[in-house]
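Visitor: Could you take me on a close look at how two helices of this model sit against each other? I would also enjoy hearing about the surroundings.

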Amino acid sequence: MMQRAASWSFSADDAQRINRLLQDFLHGSSARCALLVDRTGQLITTAGEQPDFDSTAFASLAAADFSANDQLASMIGEQEFSSLFHQGEKESMYLADVAKRVILVVLFDDRATLGMIRIKVKNLVGELTEVFREVFDRAATAPAQPLATAWADAAEDEIDRLFGSR
Amino acid sequence: MSMINYASREINCKIVYYGPGLGGKTTNLEYVYEKVAPNTRGKLVSLATETERTLFFDFLPVDLGTIRGFKTRFHLYTVPGQVYYNASRKLILKGVDGVVFVADSQVERLDANIEAMHNLYDNLAEYGLDPRELPFVIQYNKRDLPNIAPVSELEANLNPTHVPSFEAVGTRGIGVFDTLKEASKQVIKSLS
């Protein structure tokens, strides 16, 4: 069996720095909520109003949305669409790339304007990019430690219990 | 490429069900959705056409619960099997931790199985992944149908590296959890 630690990890310090940036952004832009999703569809964190939808499903769809649009961009000869905007009647979404590995999703209603969101997101993306570059550089030079064998044993027991006798 | 989030103490692992069109990938996920305890699974998201063929993917998160302080979750995805959806298939493989190849056991689908397996190897290679080094399980589905190829023939054509394989009847749930159990255990081992 191959041994393969996780490709990157995310510490409490990273989370704190990112959360502060997101909170400042929400305060300055009047957006309701900001989510960070990695490109594989996993939710990293949320800030602002707690979403009242299934955020796990939301993250997988947001990543798929962004990836599909990436491919569309390359088909029309663009390197990428670095941001996407979905307008609803009451709620809208603005998605932006962060360091090519993470997607920032901002949810806002008519208390915020698209122009303001656009400007504030641009600044936020710059700040988040710095933090994530550090996270990824750290992962590249010192890959995440494999998880303890005790964790794996416990997880396998749980798999047996959940998927076992059916 | 699972991500360990030490801040929220979460580990998410991605398992992708791959294989030819109409082989039973979505059926596998639907059975898992039906049978696991409702509090351990999230919403089953299906991006399908009007005729219920998978257009982009199906997605089902399954929670293992909190293991040694880490909330551990499997994200199960299917890909669209039809040949012309390759761009979508490739996108779903991004960040995959383990693959379940669902083969259609019917004799007339052998070529489609082989083509899908080649396509899987090609798409993994584009992400720099080698299937021999990735948690990998094969499921021979539709074993209840009359015109099926013997498992030995399927093994010879689809499983040169002898990864674990299971016979299944997805519509009745036979073999579905055996397959998932093996794939998820391999993924867990690969992280420890």
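Guide: Happily! H1(A) and H3(A) are roughly antiparallel to each other (angles over 145 degrees count as such), because their packing angle is about 175 degrees. Their axes, lines fitted to C-alpha atoms over the stretch in contact with angles running from 0 to 180 degrees between N-to-C directions, lie 10 Å apart. H1 covers residues 12-29 and H3 residues 114-141 of chain A, helices being DSSP runs (H or I) of at least four residues and strands (E) of at least two, numbered from the N terminus.

From H1(A), the contact (C-beta atoms, placed from the backbone, within 7 Å) takes in Asp14(A), Arg17(A), Ile18(A), Leu21(A), Phe25(A), Gly28(A) and Ser29(A). H3(A) answers with residues including Met116(A), Lys120(A), Glu127(A) and Val135(A). By class, nine residues of this contact are nonpolar (Ala, Val, Leu, Ile, Met, Phe, Trp, Tyr, Cys and Pro), two polar (the others, Gly among them) and four charged (Asp, Glu, Lys and Arg).

A word on conventions: this is a predicted model, where local features need pLDDT of at least 70 and side-chain atom pairs 80 or more, while totals for chains, interfaces and linings use all residues. Residues are numbered from 1 along each chain as its sequence is written, with chains lettered from A and ligands numbered from 1 in the order written.

Now to the neighbouring chain: 42 residues of chain B are in contact with 46 residues of chain A. H5(B) gives the most to chain B's side, with nine residues. That side divides into 20 nonpolar, 13 polar and nine charged residues.

Technical notes: Parallel < 35°, antiparallel > 145°, perpendicular 65-115°, else oblique. Contact = placed C-beta atoms within 7 Å.
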